[in-house]
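Here are my notes on this model, written as numbered points. Keep the structure open beside you while you read.

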Amino acid sequence: MAHYRAVGELPRKRHTQFRDTGGHLYTEELMSSAGFSEESSLLYHRHSPMAILSAEPVETPVHQLHDNHPVLPRHFALHGCPEGGDAVSGRRLLLANDDVRLSYVAGTETSPLFRDARGDQLVYIEAGQATLESVFGRLPVNEGDYVVVPRHTTHRWVPGVGDPARMLIVEASGHVNIPSRYLSTRGQLKEGAPYSERDVRAPAEPLLDDGTDVPVVVVTSGGLTRYVYANHPFDVVGWDGCLYPWAFSIHDFEPIVGLVHQPPPVHQTFAGDGFVVCSFVPRLFDFGPDAIPVPYAHANVDSDEVIFYTGGDFMSRAGSGIGQGSVSLHPSGFVHGPQPGSVERALGLARTDELAVMIDTFRPLRLGAWALEVEDPAYAWTWAPR
Ligand SMILES: [Fe+2]
């Protein structure tokens with residue numbers, strides 16, 4: 001998110017002495033990406049962010065992954081996930097490859113302090129409310145929000161009261177960015193992009209939390225490590241820069257429609273290393289004479305297509321068992337398209353109220369053990385007349 005923000009107290013010049021009212025020198029931390037060459041932020045800590053008292057390995061859950069073999073289109077009913085646990089340790093792995101891991105949780109508890117050193121995390125809030133608390137401050141989020149948590153951000157998830165916070169979590173091995181074609185040469189969201197800077201929310205004030213001997217779980221490619229910090233990491237009195245957690249509501253996505261069916265890239269919302277994320281939101285159907293509003297059968301030969309169905313009526317999937325909380329996987333190697341009768345039912349309709357999140361990966365996805373538990377085995381056969 002290459003848009004500058006400044007929060008809390010800051011010295012007039014970077015890399016200069018900055019003290020509290022008692023004369024104590026704050027510790028300046030530069031959090032930077034791509035080897036000091038891309039986006040960064042400067043954070044001012046009351047205490048040293050390096051002062052760890054202990055470090056111990058944490059037993060890492062073994063995630064068995066299964067090839068999608070025989071290669072099949074699949075349907076997973078994520079609402080088979082029991083409610084409970086927290087949004088970090090309660091995640092259930094659905095699909096994964098070397099670029100991305102997709103998981104789901106219906107969290108009701110506050111998570112431990114956590115930091116992902118492997119890549120950015122993109123969290124989609126299907127239902128409920130939560131607050132992302134981090135070294136950057138508080139970021140309240142609601143149903144329909146995407147939340148980008150940059151790699152290395154120390155954070156925790158606090159669910160709201162009432163219903164569980166249902167989250168689809170995309171753990172990237174790299175960064176999650178705004179598609180470059182939406183950005184001007186100097187980084188502004190362009191006219192014609194389906195969202196603008198006004199739609200972006202970020203922490204607005206420091207979150208100061210006291211405490212000593214504070215555990216933080218860090219995940220790297222080697223597994224989980226639990227540090228104990230001498231002081232609470234949420235001791236940042238101010239920060240500024242272009243690297244921070246941010247949220248964007250799918251309900252603020254401005255759909256692009258056309259005379260005839262528009263391909264999924266018009267719905268693109270984020271770009272990752274090895275994947276893209278698209279938002280299908282309520283919109284007018286294609287309005288040309290004789291236009292067919294639902295997609296054609298298609299083979300997207302370089303992608304595995306994952307769609308999370310998160311609201312409205314899924315016209316093209318009628319009769320397939322797909323509903324709220326479903327995920328479909330249409331892998332490379334399989335031609336997919338609307339279920340039988342969907343085209344005829346859609347003809348003449350003016351609009352759709354569907355809400356869905358699509359994640360297209362550029363390398364095949366493997367199935368987590370939990371995916372097999374919540375799979376609907378009938379889905380692959382719903383296109384055939386018998
Ligand atoms: Fe597709």
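1. Start with the iron ion: its donor residues follow the spacing H-x6-E-x30-H along the sequence. The atoms doing the job are NE2 of H298, OE of E305 and NE2 of H336, at 1.9 to 2.1 Å. A donor here is an N, O or S atom within 2.8 Å of the metal (3.2 Å for Na, K and Ca), and water is not among the atoms, so a site may look incomplete. H298 sits in the loop between β24 (283–284) and β25, and H336 in the loop between β26 (326–330) and α1 (342–346), so this pair ties together parts that are 38 residues apart in sequence. Helices (H or I, at least four residues) and strands (E, at least two) are DSSP runs, numbered from the N terminus.

2. A word on the ground rules. This is a predicted model, where local features need pLDDT of at least 70 and side-chain atom pairs count only at pLDDT 80 or more, while totals for chains, interfaces and linings use all residues. Residues are numbered from 1 along each chain as its sequence is written, and side-chain values use heavy atoms, leaving out hydrogens and water.

3. Two of those iron donors turn up again in the second largest pocket: H298 and E305 are among the residues nearest its centre, together with P264, F280 and M358. The pocket holds about 570 Å³ of space and has 36 lining residues. Elements giving two or more residues to this lining are β23 (275–280), β25 (304–311) and β28 (355–361). By class, the lining splits into 20 nonpolar, 11 polar and five charged residues. (Nonpolar means Ala, Val, Leu, Ile, Met, Phe, Trp, Tyr, Cys and Pro; charged means Asp, Glu, Lys and Arg; the others, Gly among them, are polar.)

4. Which residues lie nearest the centre of the largest pocket? They are T60, H63, R101, R118 and E171, out of 31 that line it. Its space comes to about 830 Å³, and its lining has 13 nonpolar, nine polar and nine charged residues. For the method: on a 1 Å grid over the protein atoms alone, a pocket is an open set of points with protein on both sides within 12 Å along at least five of seven lines, a cavity is a set where a 1.4 Å probe fits but cannot get out, and lining residues have an atom within 4 Å of a point. Points are joined across faces, edges and corners, and a volume is the space filled by probe spheres set on them.

5. Now the cavities: there are two of 30 Å³ or more. The largest has a volume of about 70 Å³, and its lining divides into five nonpolar, three polar and two charged residues. The second largest has a volume of about 40 Å³, and its lining is nine nonpolar residues, with no polar and no charged ones. β10 (121–127) gives the largest share of that second lining, three residues.

6. Finally, have a look at the backbone. A cis peptide bond joins H69 and P70, with omega about -5°; P70 is in the loop between β5 (65–66) and β6 (74–77). A34, a residue other than glycine, has a positive phi near 50°, and its place is the loop between β2 (27–32) and β3 (40–45).
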